[in-house]
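Let's take a walk through this model, from a spot on the surface into the pockets and then along some charged pairs. Keep the viewer open as you read.

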Amino acid sequence: MIVYGKNPVLEALRSGRDIEKVLFAHDSHPPHQVVKLCKERGIKLQKVPRQRIEELAGTKKTQGILAILSPVEYVDPHVLFRETLKRNSFFITLDHITDPQNVGNLLRTCEVFGGVGALMPKDRSCPINETVVKASAGAVFYLRLSKVGSLYKALRDFKEMGGWVVVVERGGKDIRSVNFPPACTLVLGSEGEGVSKSVLETADLLVSIPMQGRVNSLNVSNAGAIAMWEVFKKLLDKHPVCGYNR
């Protein structure tokens, strides 16, 4: 959902609604109260060309400011972690994946295979917008979604609570031979940069998908689907009543 104009954006911030980000035109200055509330709530405030704001709003009467409201409510990461541990299940960590089609496909697969939800960074991350909702076939409404300032810190917290961090990246163990722990997160990196160095440092396991073709690479949503199937299959064998029958 798009909200534009100084007063509507300010009221959206005051209301406590989940807001993906606030955009303001490069040739203007956002109101002081907007800057203050964005800082207090940890909402990204981004300078963009005025044309971008007008395209999103569908009008030139924007006063140079626009907010993108999320169609879903985000949860505290510890809510996501506790439910994963309680159900002996998994969630996915999307490390700076920005393509909405990929994010939607990954969330759909996560829900189909009994995953709890997804952990995402606030910066350089795709907003959960109409495109993501459509690509997920509505799966986003059944998942616990959390956005955090630092994936590294959040994953360290998950490990301290008893969870395991499994990174899907080249150079790891053959995913077919891995015995997945009963409560874990699958970390998937962007297609261009892969999993970030700081997140790699949190890994308990590094796993890879064997490939044989000439292209020798997979779209991140396809790689994620294969990895989630392997986790689901093995956890279901170990824990037939692990909470997948919801």
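## A walk through the model

Isoleucine 226 sits in helix 9, which covers residues 220–238. Keep in mind that this is a predicted model. Is isoleucine 226 buried, exposed or in between? Its relative accessibility is 34%, so it counts as partly exposed. It also has company: together with Met211 and Leu218, Ile226 makes up a nonpolar patch on the surface. The accessible area of Met211, Leu218 and Ile226 together comes to about 220 Å².

Leu218 is a handy link to the next stop, the pockets. As a reminder of how such spaces show up, rolling a probe the size of a water molecule over the atoms shows where empty space is left. The largest pocket holds about 390 Å³ of space. It is lined by 16 residues, and the ones closest to its centre are Val168, Glu169, Arg170, Leu218 and Ala223. So which elements give two or more residues to that lining? They are strand 8 (164–174), strand 9 (184–189) and helix 9. Strand 8 has the largest share, with three residues. Sorted by class, the lining of the largest pocket comes out as seven nonpolar, six polar and three charged residues.

Now move over to the second largest pocket, with a volume of about 300 Å³. Again there are 16 lining residues, and those nearest the centre are Asp18, Ile19, Tyr74, Lys122 and Lys147. Here the elements that contribute two or more residues are strand 2 (19–25) and strand 7 (144–148). Strand 7 gives the most, namely three residues. How does this lining break down by class? There are eight charged residues, six nonpolar ones and two polar ones in the lining of the second largest pocket.

With charges in mind, turn to the salt bridges. The structure has 13 of them, and three within helices make a good tour.

Start in helix 1, residues 6–15, which holds both arginine 14 and glutamate 11. These two are three residues apart, about one turn of the helix, and they form a salt bridge whose closest N and O atoms are 2.8 Å apart. How open are the two partners? Arginine 14 has a relative accessible area of 46%, so it is partly exposed. Glutamate 11 is partly exposed as well, at 43% relative accessibility.

Next comes helix 2 (residues 32–41), home to glutamate 40 and lysine 36. This time the spacing is four residues, again about one turn of the helix. In the salt bridge between glutamate 40 and lysine 36, the closest N and O atoms are 2.7 Å apart. Glutamate 40 is exposed because its relative accessible area, 52%, is over the 50% cut-off. Lysine 36, with 38%, is partly exposed.

The third pair is in helix 4, residues 77–87, where arginine 87 and glutamate 83 lie four residues apart, about one turn of the helix. Their salt bridge has its closest N and O atoms 3.0 Å apart. Is arginine 87 buried or exposed? At 11% relative accessibility, it falls under the 20% cut-off and therefore counts as buried. Glutamate 83 has a relative accessible area of 21%, which makes it partly exposed. This pair also belongs to something wider: Glu83, Arg87 and Arg144 are joined into one network by salt bridges that share partners.

To finish, look at two buried residues and how they sit relative to places in the fold. Leucine 155 is in helix 7, residues 151–160. Its relative accessible area is 0%, so leucine 155 is buried. Measure across in your viewer to arginine 14: the two C-alpha atoms are separated by 30 Å, and the residues are 141 apart along the chain. The other one is asparagine 102, in helix 5 (residues 100–112). Asparagine 102 has 7% relative accessibility, so it too counts as buried. Between asparagine 102 and leucine 155 the C-alpha separation is 22 Å, with their positions 53 residues apart along the chain.

How values were computed:
Residues are numbered from 1 along each chain as its sequence is written. This is a predicted model: local features need pLDDT of at least 70, side-chain atom pairs count only at pLDDT 80 or more; totals for chains, interfaces and linings use all residues. Side-chain values use heavy atoms; hydrogens and water are left out. Patches are made of residues with over 30% relative accessible area and no salt bridge: like charges are joined within 9 Å, nonpolar side chains (Val, Leu, Ile, Met, Phe, Trp, Tyr) within 5 Å. Accessible areas come from the Shrake-Rupley method with a 1.4 Å probe; for residues, only the protein chains shown count as cover. A salt bridge is a side-chain nitrogen of Lys or Arg within 4 Å of a carboxyl oxygen of Asp or Glu. Buried means under 20% relative accessible area, exposed over 50%, partly exposed in between (1.4 Å probe, protein chains only). On a 1 Å grid over the protein atoms alone, a cavity is a set of points where a 1.4 Å probe fits but cannot get out, and a pocket is an open set with protein on both sides within 12 Å along at least five of seven lines; lining residues have an atom within 4 Å of a point. Grid points are joined across faces, edges and corners, and a volume is the space filled by probe spheres set on the points. Ala, Val, Leu, Ile, Met, Phe, Trp, Tyr, Cys and Pro count as nonpolar, Asp, Glu, Lys and Arg as charged, and the others, Gly among them, as polar.
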